[in-house]
Structure formats: structure tokens, C-alpha cells
Amino acid sequence: MSAKVFSASNIGLTSHLIEVEADISSSTTAFFIVGLPDAAVTEAKERVRSAIKNCDLPFPRTKVTVNLAPADLKKVGPSFDLPIAVAILAAKKLIKLENKDQQSLFIGELSLDGSLRPVAGVLPIASSLEKLKIKRLYLPAANAQEAGLIEGLEIFPVKHLRQLIDHLKGEQLIARFKKSPLKITGQENKTIIDLNHIKGQEQVKRALIIAAAGYHNMLMIGPPGSGKTLLAKALRDLLPPLSFAESLEVTKIYSLAGLLPPAQPLIIARPFRSPHHTSSGIALVGGGSFPKPGEITLAHRGILFLDELPEFPRAVLENLRQPLEDGLITVSRASTTVQFPARFTLIATANPCPCGYATDLEKPCRCSPMQIQKYQKKISGPLLDRIDLQVAVPRLNMRELTDKKITTTTKNFSEQIKIAQEKQAERFKNLPWLYNSEIDHKKIEEFCRLDMESEQLLKTAIVKFQLSARSYHKILKISRTIADLEQSEAIKLQHVAEALQYRQNILQ
Ligand SMILES: Nc1ncnc2c1ncn2[C@@H]1O[C@H](COP(=O)(O)OP(=O)(O)O)[C@@H](O)[C@H]1O
Ligand SMILES: [Mg+2]
């Protein structure tokens, strides 16, 4: 006696169809799960056995074999509990699966009492069902809203295994999930650090606005206590929320990582991740024997804030080079190669030397030239070249510190950023990128056209500062954003001149 149902498994953000077959034969009592299961899948045996018993149904006392096909694909996590239970009950003829249920997808973790727990990775599965040619989905009730973000699916929210058994028998049907308007809580626009409360540092604030308007990477260098961390954190409140398409992209990642709060099925606030410098390479870029997304992927479409950049191990920082360029990370393991999206904006801070005062005009620096060189070398040239805006954050003098004048607020700046982003959205309407920092190098000259005098200025700067081709492109893109902030379609001399200020290496 055997039966088969469908389930699905994610490898990276790609979902694969898994056939869950159960076979019951009349030899001695045994229960096997085969098909490359990990520990959590193997432990399904205990959960499924108890859940079936707690639904007042007999668990087979003979040999039960469950096969998860294709056999060469690794299966992880507890989401196979539900399809395994259904396949066993169908093989034992305790339920009869109609054709449409055989063409459905089952996912869910079982508790010992038979109730269903939410699982990770539902949104990536739901969004690939069309490709897998499946319409019907049985899943834990707590995951229904998440799957409901995808149009055109028949979703059946299940609270308890007993409820599903009654439904499959046709005794008491489960009501199909009906979409209600999303109530999104905890993501209201609350300003935590208002730029208004940060004194002075007008040039750094200006660079922050540019960074936020076009999603350009930025490095702030200055002595301790000058407000670098504070300024970077203020950026969080400056960013416009995600568009719906971006929200879906980000929510899929958080769903896969199991970081989606149940009460909040859609992430609308731009991610702001600030991993500590003791984080491992895998935690930062993703990986593990079954590759999981790292911080750079969790920061997709948002900010990756690396405070005290030189404190991060150099090898870890070098891993950022590919994603900074391509907007994705490829994680290769013996069994699989997985790609995760990683289009983040890097915001970093650094002291100029171990004591912190090498760039201070008044306070003497206590480091030797060797120490300064060694410290600054921790940030490699190739990494520095990928950082669009490099700004000095000087120590505030007494007058600036005690100044009571109210400067521009976060709200004013957010509005400027919004307008600049609307211009970009219009310009890139039918193109594969969204913001100025993403313009493809082949198209830069088309979108960042310069007049004669701006071009002459840039040519002089290339020779004088020995700028790389990458720097040249970055200056053009920053100039584009500066022009957008001024709502100017043409890039003018003053825009290029300002952009050039942010590319003069402060670190030697
Ligand atoms: N420009 C500023 N305006 C107001 N307070 C500031 C400013 N810069 C620094 N501070 C104060 O100093 C503290 C330390 O700043 P922080 O950003 O942590 O410095 P850094 O990261 O450069 O070492 C802040 O929490 C804040 O209280
Ligand atoms: Mg700091």
C-alpha cells in the first residue's frame, strides 16, 4: 500500500517540487525516512507518530517507509511533517486523496498534539507555484497571510491535523483563505534619530542625503566621538519605504531565513543591518553546509552598516567585493551552488588611525606612521575604490557644539530624497535597475551626459587624482544623483564639482 503527495523545498530562493511517498508493508514495526533528510526531517518520525495518534487514528504497526524524491536533493527543516503524515494516512487508506488533492502542495510542522506550527520559506514557495504548475496549497494557518501575498492561489489554512483529515474526507471542509487588507504594525514612520538633533556636520549630512537618494556606498572617517555612528543611524529614518515589488523581494529573503514576524507578513521598511565586527564570514555573506542568507542578503534593498570598518577581519571584508559589484553573492558548497540577492548600500565608519586623531587639526595623534599605515591597510584599495562617497567627519569645535540653531530636519531631507527617487523611477521605468548607483556601465554615458565644461573638469580630475575607471563611473553616477536632488535633468558643472569632493581618498 503506497500513496504520494507533493511538498516543496527551497535551495536559496529557488523552490523545488518534492514528492513525498509513503509505503506500508506487512513486515515488522519500523519507520524509515529516506531521500537525503537532515536531522530535523528525520525527527519528523516522532512528531508524525504522536500527531496521528493524538487525532485518535492508529499509527501503522508495520513497516513504514517514506521517500522524499528527488533523492539527490538535500531536505532540511520540519516543513515535511504535514506531507509525511498525509501520505502515511493515505497509504493506510485512512483518508482517500482526490485528484485535486494529489495535485496540491502540503507544508507544515506538526506539534506532538497534532496542531500546526508556522514554517520558514513559505513566500519563496508560494511565489514559484505557478512555475511548478500547482494551484492548491495546504499550510499552517499562521503562514496563510504570507502565502496570500501571491495572487491566484487556492490557500487552505490548517490549524490542526484533525481538521485537515476531516477536510480531505469531505466531512468538514476548511474555508479557503480570503485576503483581507494587510494590517501592518510596528513599521510606522517613527523618527528615532532626527538630523535636527545632530549639530554641525553639514557636509556629512549632505553626503548622507546623496547616499540615500541614489543608494551610493559611503565611508565616514573621523576621530572618536565626532558623531559617525550617530549620523549613520540617522540614515535609517531618511530612507523611503520599499516599493511593493521590493517588499516582496525582501520578504522572500526574511521568510527563507525564518525571520519574518508572524504578525507582519510583508516587510515594508527598508532593511538596516548592523553586524558586529566579530561576525564570522559566513554570518556576513551567507553560507553553511546548507547555504543560508547572510547579513549582506538580509540588507538587500537596504543598508548594510559596518561600524568601525578596520576592526572587521580583512578576509571577511574582501568577500564584499563581488556583491558590491554585482548585487548578488554566489555561495558554492560541495553539494550545491546557491545565489542570493545582495543589492545593499554599504555605509561604513572608520577612525583614521588606532588613536583616532591622525586627521585632527588640533589634537595630536599618538600613532607612529607605521601604525597608521598598518591600520589603514586593513581596508584594501579595491574595497575603497567601490565606496562612492568618502567623507571626513571632523571633531566639532566648541562653537558648533553649543550652537542652538535648528538645522534641517529629517522630514525635510526625506522629502528631498523622495523627489530624487521619483525622478529615478521615471527615468528607469522600463529598465532593469531602479537607482542611479545601479546604472549599467554600458549605459552610463547615455544617462549621465556632461556638458563641455563639466567634462573638462572631470578630465582634469582624472589626471590629477589618478582616478580609476570605476571612480570615473562613480563620479558620473553621484553627479546624476546630485542633479536629481536639484530636480535638474542636465548634469551641471557644480554637480560634478561636488561629486568630485567625495572621491578624494582621505585614507592614504
Ligand atoms: N554632531 C553631534 N551633535 C550632537 N551630539 C553628538 C554629535 N556628535 C557626537 N555627539 C554625541 O557623542 C556621542 C558619540 O557619538 P558617536 O556617533 O558614537 O561617535 P563616533 O562613532 O564618531 O565615535 C553621541 O551619542 C552623541 O551623544
Ligand atoms: Mg562609533
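**Strand pairing, domain contact and ligand shell in the predicted model**

In the predicted model, four residues form the hairpin connection that leads from strand β15 to strand β16. β15 spans residues 328-332 and β16 spans residues 337-341; the two strands pair in the antiparallel sense, with five bridges between them. Within this pair, L328 has P341 of β16 as its bridge partner.

The protein chain as a whole contains 23 helices and 18 strands. Its C-alpha atoms occupy a box of roughly 85 × 45 × 45 Å along the principal axes. Of its 508 residues, 45% count as buried. Among contacts with a separation of 6 or more, 74% are made by residues 24 or more positions apart.

In contrast to the antiparallel pairing of β15 and β16, parallel pairing is found in an open sheet of five strands, arranged in the order β11-β14-β17-β10-β18. The edges of this sheet are taken by β11 (272-273) and β18 (389-392); each has a single partner strand, so one side of each is left without a neighbour in the sheet. Strand β10 (residues 218-221) is joined to β18 in the parallel sense by four bridges, and M220 is matched there with V391 of β18. Helix α9, formed by residues 202-214, packs on the sheet and touches β10, β17 (345-350) and β18, its direction making about 165° with that of β18. A further bridge partner in β18 is A392, which is matched with I221. With β17, too, β10 pairs in the parallel sense over four bridges, and the partner of L219 in that strand is A348.

The side chains of a regular strand alternate between the two faces of the sheet. In β10 both faces are covered: M218 and M220 are buried on one side, and L219 and I221 are buried on the other. The bridge partners in the flanking strands thus include V391 for the buried residue M220 and A348 for the buried residue L219.

A buried position is also found outside the regular elements. I267 lies in the loop between α11 (244-256) and β11. This residue counts as buried because 26 other C-beta atoms lie within 10 Å, where 20 or more are required. When residues up to four places away in sequence are left out, the contacts of I267 are with S247, V250, T251 and Y254. P241 stands 26 residues from I267 along the chain, and the C-alpha atoms of these two residues are separated by 9.4 Å.

The domain assignment divides the protein chain into domain 1 (2-169) and domain 2 (195-414). The distance between the C-alpha centres of the two domains is 41 Å. Domain 1 contributes 17 residues to the contact and domain 2 contributes 18 residues. On the side of domain 1 that touches domain 2, the elements giving two or more residues are β1 (2-11), α5 (122-127) and α7 (144-147). Of these, α5 gives the most, with four residues. By class, this side of domain 1 has ten nonpolar, five polar and two charged residues.

Helix α8 covers residues 161-169, and its buried residues are L161, Q163, L164, I165 and L168. An α-helix has 3.6 residues a turn, so residues three or four places apart point the same way. The cover over the buried residues of α8 is provided by both helices and strands, including α2 (44-53), α3 (81-91), α4 (99-102), β6 (109-110), β8 (136-140) and β9 (154-158). Just after α8, the backbone of G170 adopts a positive phi of about 85°.

Ligand 1 is surrounded by 14 residues, of which K199, G227, K228, T229 and L230 are the closest. Helix α10, residues 228-234, gives the most to this shell, with three residues. The shell around ligand 1 comprises eight polar, four nonpolar and two charged residues.

Notes:
Residues numbered from 1 in each chain as written. Chains lettered and ligands numbered in written order. Predicted model: local features only at pLDDT ≥ 70, side-chain atom pairs only at ≥ 80, totals over all residues. Near = placed C-beta within 6 Å. Nonpolar A, V, L, I, M, F, W, Y, C, P; charged D, E, K, R; others polar. Pairing = 2+ DSSP bridges. Contact = placed C-beta atoms within 7 Å. Axes fitted to C-alpha atoms, helices over the stretch in contact; angles between N-to-C directions. Domains from an automatic or database assignment. Buried ≥ 20, exposed ≤ 12 C-beta atoms within 10 Å, placed from the backbone.
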